[in-house]
Every structure is written in C-alpha cells, then in structure tokens.
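Here is a friendly set of exercises to work through with the structure open beside you. Try each task by yourself before reading its solution.

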Amino acid sequence: MPKRLLVHVITGVENPTRASLGLLVARSALEDGYDVDVFVAGDGVSMLRPSSAEQMQGVGLGLVADHLDALKKGNAGLYASGLSAKARGLEGEELIELGFKPSTPNVLVDLVFKADRTLIY
C-alpha cells in the first residue's frame, strides 16, 4: 500500500521560493508513487490565481503553475481553505474551477490523521 503524504502550504506570493518548494516536494512524491494531498491555506491561496501561478517561481525550483498542473494531472488531492480564500477575494466556485476543493479546518485535521507524514511550507 502506498504511503500518503500531506503537504500543507501556508506561504504564498510573499515568499515564492518557499511556496514553490512545497509544491515541488508534493509533485516529486506523486511522481515517486506516493499518494499526495495538498492543503493550501492562509497566504498560500494567493498563489492559486492563474496570474500569480504563471509568474511565481522559486529560485531554481520552477514555476508554480507547472507544479500545480502536474499535481492536477497526477490526481493529487487538492484542497484549499474556503475561509482563507474568501478573505483574499477568491470564492468557492473559483477554487473549484482551479481544481481545488474548498475546505474547512476540519478537513485539514482529517487529512493530517490520514497521512503517514505531513510537511508544512
């Protein structure tokens, strides 16, 4: 049975290297055959906007948009805090269009207990 990794990204456009690294690690684990869930919250939801994702990249870590595309194509579980998104002007419908499930803190807690390991960026 594959191991499950949860990557919780709370960093956004204010620190592109850290945010990109979280997504790159999630993408790498997925490519290595692990089950991966990504929960984006806090400032991290700001990078989900296509205008941000297409310009944002960490130093030597690639574009956020490329990592997000790979995670979607690889069927990673993609979750975003509905409260964090709303506070930053993103509605639930927009999150769904971006491939993320609008979620509550309760979902995050459930994902933490289902994961074999949790990383926070």
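Keep in mind throughout that this is a predicted model.

**Exercise 1. A charged patch on the surface**

Task: Find the helix that holds Glu-94, decide whether Glu-94 is buried, partly exposed or exposed, and name the patch residues that go with it.

Solution:
- Step 1. Look at residues 92-97, which make up helix α5; Glu-94 is found there.
- Step 2. Check the accessibility. Glu-94 has a value of 34%, and the class between 20% and 50% is called partly exposed, so Glu-94 counts as partly exposed.
- Step 3. Collect the patch. Glu-91, Glu-93, Glu-94 and Glu-97 form a negative patch on the surface.
- Step 4. Take one more member of the patch. Glu-97 also sits in helix α5, and its relative accessible area of 69% makes Glu-97 exposed.
- Step 5. Use Glu-97 as a starting point for a distance. Gly-82 is 15 residues away from Glu-97 along the chain, and their C-alpha atoms are 14 Å apart.

**Exercise 2. The nonpolar core**

Task: Work out which residues of the largest nonpolar core touch the most other members, and which element supplies the largest share of this core.

Solution:
- Step 1. Start with the size and the best-connected members. The core has 29 residues, and those touching the most other members are Leu-23, Val-38, Val-40, Met-47, Leu-48, Leu-71 and Phe-100.
- Step 2. Ask where the core residues come from. At least two residues each are supplied by β1 (4-9), α1 (16-31), β2 (35-40), α3 (64-73) and β5 (77-81).
- Step 3. Pick out the main contributor. Helix α1 gives five residues, the largest share of this core.
- Step 4. Put this in a wider setting. Nonpolar side chains tend to be buried together in soluble globular proteins.

**Exercise 3. Salt bridges**

Task: Say how many salt bridges a search of the whole structure finds, then describe the pairs formed by Asp-37 with Arg-4, Arg-27 with Glu-31 and Arg-88 with Asp-43.

Solution:
- Step 1. Count. The search finds five salt bridges.
- Step 2. Take Asp-37 and Arg-4, whose closest N and O atoms are 2.8 Å apart. Asp-37 belongs to strand β2 and Arg-4 to strand β1, 33 residues apart, and the pair links distant parts of the chain. Asp-37 is buried because its relative accessibility is 6%, while Arg-4, at 26%, is partly exposed.
- Step 3. Move to Arg-27 and Glu-31, which meet at 3.2 Å, N to O. Both residues lie in helix α1, four residues apart, about one turn of the helix. Arg-27 is partly exposed at 23%, and Glu-31 is exposed at 58%.
- Step 4. Turn to Arg-88 and Asp-43, whose side chains meet at 2.9 Å, N to O. Arg-88 is in the loop between α4 (82-87) and α5, and Asp-43 is in the loop between β2 and α2 (50-53), so this bridge ties together parts 45 residues apart in sequence. Arg-88, at 29%, is partly exposed, and Asp-43 is partly exposed at 36%.
- Step 5. Look for shared partners. Arg-4, Asp-35 and Asp-37 are joined into one network by salt bridges that share partners.

**Exercise 4. Loops and a nonpolar patch**

Task: Locate Gly-60, Asn-75 and Phe-113, and decide whether each is buried or exposed.

Solution:
- Step 1. Gly-60 lies in the loop between β3 (57-58) and β4 (62-63). Its relative accessibility is 79%, so Gly-60 counts as exposed. From Gly-60 to Ala-76, 16 residues apart along the chain, the C-alpha separation is 23 Å.
- Step 2. Asn-75 is in the loop between α3 and β5. With 67% relative accessibility, Asn-75 counts as exposed. Its phi is near 65°, a positive value in a residue other than glycine. For comparison, most residues other than glycine have a negative phi.
- Step 3. Phe-113 has its place in helix α6 (residues 105-114). A relative accessible area of 73% makes Phe-113 exposed. Together with Val-109 and Val-112, Phe-113 forms a nonpolar surface patch with about 320 Å² of accessible area.

Technical notes
Residues numbered from 1 in each chain as written. Predicted model: local features only at pLDDT ≥ 70, side-chain atom pairs only at ≥ 80, totals over all residues. Heavy atoms only, no water. Patch = residues over 30% accessible without salt bridge, like charges linked within 9 Å, V, L, I, M, F, W, Y side chains within 5 Å. Areas by Shrake-Rupley, 256 points an atom, 1.4 Å probe, with all protein chains shown as cover. Salt bridge = Lys/Arg side-chain N within 4 Å of Asp/Glu carboxyl O. Lys, Arg positive; Asp, Glu negative; His and termini not counted. Charge placed at Lys NZ, Arg CZ, Asp CG, Glu CD. Buried < 20%, exposed > 50% of the residue type's maximum accessible area, 1.4 Å probe, protein only. Core = buried A, V, L, I, M, F, W, Y, C linked by side-chain atoms within 4.5 Å.
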